[in-house]
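Me: I have a model to go through with you. Let's take it by short questions.

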Amino acid sequence: MKNVLIAVILCLSLAARSQQPSYAESVAATAMKLWKDSFLLEGDKTAKWRYDQGVILKGMEGLWNVTGNGAWFRYIQNSLDFYIQEDGSIKGYKPDEYNIDHLNNGKMVLVLYEVTGKEKYKKAADLLRNQLRTHPRTSEGGFWHKKIYTGQMWLDGLYMGAPFYAAYARLFHEDSAFPDITRQFVLMEQKARDPKTGLLYHGWDETRTQQWADPKTGRSPNVWGRAMGWYGMALVDALDYYPTLNPGRDSLIRILNRLAEAVLKVQDPSSGVWYDILDKPKEKGNYREASASSMFVYTLAKAVRKGYLSPRYLAAARKGYAGLLKQFIKTNNGQTDLYGTVSVSGLGGKPYRDGSFAYYVGEPVVVNDPKGMGAFINAAVEMERLRTRDAGKGSLVLLDRYYNNEWKKDATGMPVRFHYTWEDRANSGFAMLGDLFDRFGFVTDHLDTAPDDNALKNANVYIIVDPDTDKETEKPNMIQAGEASAVARWVQRGGTLVLMGNDAGNANLESLNVLASRFGIHFNEDRYNLVEGTHWEQGAVPVKKPNPVFTTAEKLYVKELSTLQLSSPALAVLTKETKTIIAIAPYGKGAVFAIGDPWIYNEYLDGRRLPLDFDNYKGAEDLVRWIAQQVKRK
């Protein structure tokens, strides 16, 4: 009953937020109704640790990132907590089966660990990572799909294992793992790719003993759309975690470009979607298929957003998505259903699955197959991101890591940055804000040195948050007059500066005022809007309309802040009682935004903590939209 209520709340919040329909949220809400407490499919008698659950939950993570609605995160956590015990063991998971499908949920386990810091999630992730240490491999180092499938690599195995492997390697500093991850993609392409069409066959058998394996090549006999879709999704998801300078990154991007070109050639020109068997579109019995089409839309759209593919591929993604909505999405008694996905398909096993054309097209077509639903949610999230992509148009946002330079040791004992950084997904970070900037088309980066003319020359936006005190950093960097002058020159030329202080004693406001004073702004050494425990209303700041920045937000939560004292050219944007909370200042061709608190870090942006009547996520959207307007004005 609880999760049904969450679904209703989601639908209501969607209607209130936008007149544009979100098919991602609608299909995800249907999934929440179908699988309320765990991921038990029809006919299951016991809980199973299933890969298709991870596909749906990955889509819900995307929804959480782009909406700030904590109900999506809570569903992810509740779903996996059904399986993950306090000691890190996983109900229904059998490591000795060496089934690479079982690793897919690991991506979401790592998300739970990064966000909550709970040790049980790290232990569960360690358990899954350990499977790979002894997982059977081909003679060239490729992971078998499953222990009982001797010498076989399948395209879908890359999706199941590689993104988790890469995410774990990045989080726990296993840089030596990336050549191995790259090897999996390279081997799969070498063994499965048809050099004439560029399409990839579903599987490859090193032993040549399987009935489905071609005796010369070892390949399966058909190009199955969903299998290629898994491989494409694996590429764009694994690339999220690759170090920028790792040579494997370029290898994966080249593979992705070859795959995308082949996929475009077999897109159905009339419907925009893709067939179940890609290399035999006109053969009797073949049909247009929803899950593969969703996967290709997701792959193309995300790859363009990330800069891996040319923008020309976006037209194919748009056409494919329009086809999905027209052919496969239907509303039934208030529930949004996905039609036209097939049930479990594969190779070998008992009963035997021979990979023939007749086998694939003979599988029953079902409504709301979880794999297809998950793929669609992921695709819809990517396509709905496009609604705001033009706002920032590739403008560069630099986040200061020089004046705010805090470090801690992570679970491995390695020092890592935290506190108001793009990478930090815990309460203290700016990961949610970074994703919001991405959704509005900005590019985010950081600045680890003092700002000067050269460091700022390519930046459109520069953000300084909570300059360190000596309690936070052994040798805090103070803003010097020359640095303030460089920033002021940059703003005057058209830059947008965002200053976020903190309350007295928790930020070096004296240092920050060296810069802020150039624009008629002074951060007072005070502590206003104190909140006792969870008496949330004490931190409320109502938004008076009309407002030059906050056009949709009605009530913000900003607690324990430093108030502002203003002189020309600064203007108050938000006040409470007699206190100025937020100000803006036009300066030459640029502009400054200032507030006495880092009020949009994850804790107060991601919907997990604040009551629903606070609008911090809307406020952050308004701010990013205002920043985009300043950049365009330049």
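Me: By class, how many nonpolar, polar and charged residues are in the lining of the largest cavity?

Reply: This is a predicted model. Ile-100, Leu-132, Phe-143, Trp-144, Met-153, Trp-154, Leu-158, Ala-162 and Tyr-165 are among the lining residues, and residues of these types count as nonpolar. The lining also includes Gly-157, Gly-161 and Gln-184. The split is 9 nonpolar, 3 polar and no charged residues.

Me: Which element gives the largest share of that lining?

Reply: Two elements give two or more residues to the lining of the largest cavity: strand E1 (152-154) and H7. The largest share is 5 residues, and it comes from H7.

Me: What is the volume of the largest cavity?

Reply: The structure holds 3 cavities of 30 Å³ or more. The largest cavity has a volume of about 100 Å³.

Me: Are H7 and H9 roughly parallel or roughly antiparallel?

Reply: H7 spans residues 155-171 and H9 spans residues 225-238. They pack at about 15 degrees, with axes 7 Å apart. Angles under 35 degrees count as roughly parallel. H7 and H9 are therefore roughly parallel.

Me: Is the crossing of H7 and H9 left-handed or right-handed?

Reply: Here the sense of turn decides, near helix against far one. H7 passes H9 in a crossing that is left-handed.

Me: How many residues of the contact of H7 with H9 are charged?

Reply: On the H7 side, Asp-156 takes part, alongside residues including Leu-155 and Tyr-159. On the H9 side, Asp-237 takes part, with Trp-230 and Met-233 among its companions. Asp counts as charged. The contact has 14 nonpolar residues, no polar ones, and a charged count of 2.

Key
Residues numbered from 1 in each chain as written. Predicted model: local features only at pLDDT ≥ 70, side-chain atom pairs only at ≥ 80, totals over all residues. Heavy atoms only, no water. Axes fitted to C-alpha atoms, helices over the stretch in contact; angles between N-to-C directions. Helix = DSSP H or I, 4+ residues; strand = E, 2+ residues; numbered from the N terminus. Parallel < 35°, antiparallel > 145°, perpendicular 65-115°, else oblique. Contact = heavy atoms within 4.5 Å. 1 Å grid on protein atoms, 1.4 Å probe; cavity = no way out; pocket = protein on both sides within 12 Å on 5 of 7 lines; lining within 4 Å. Points joined across faces, edges and corners; volume = space filled by probe spheres on them.
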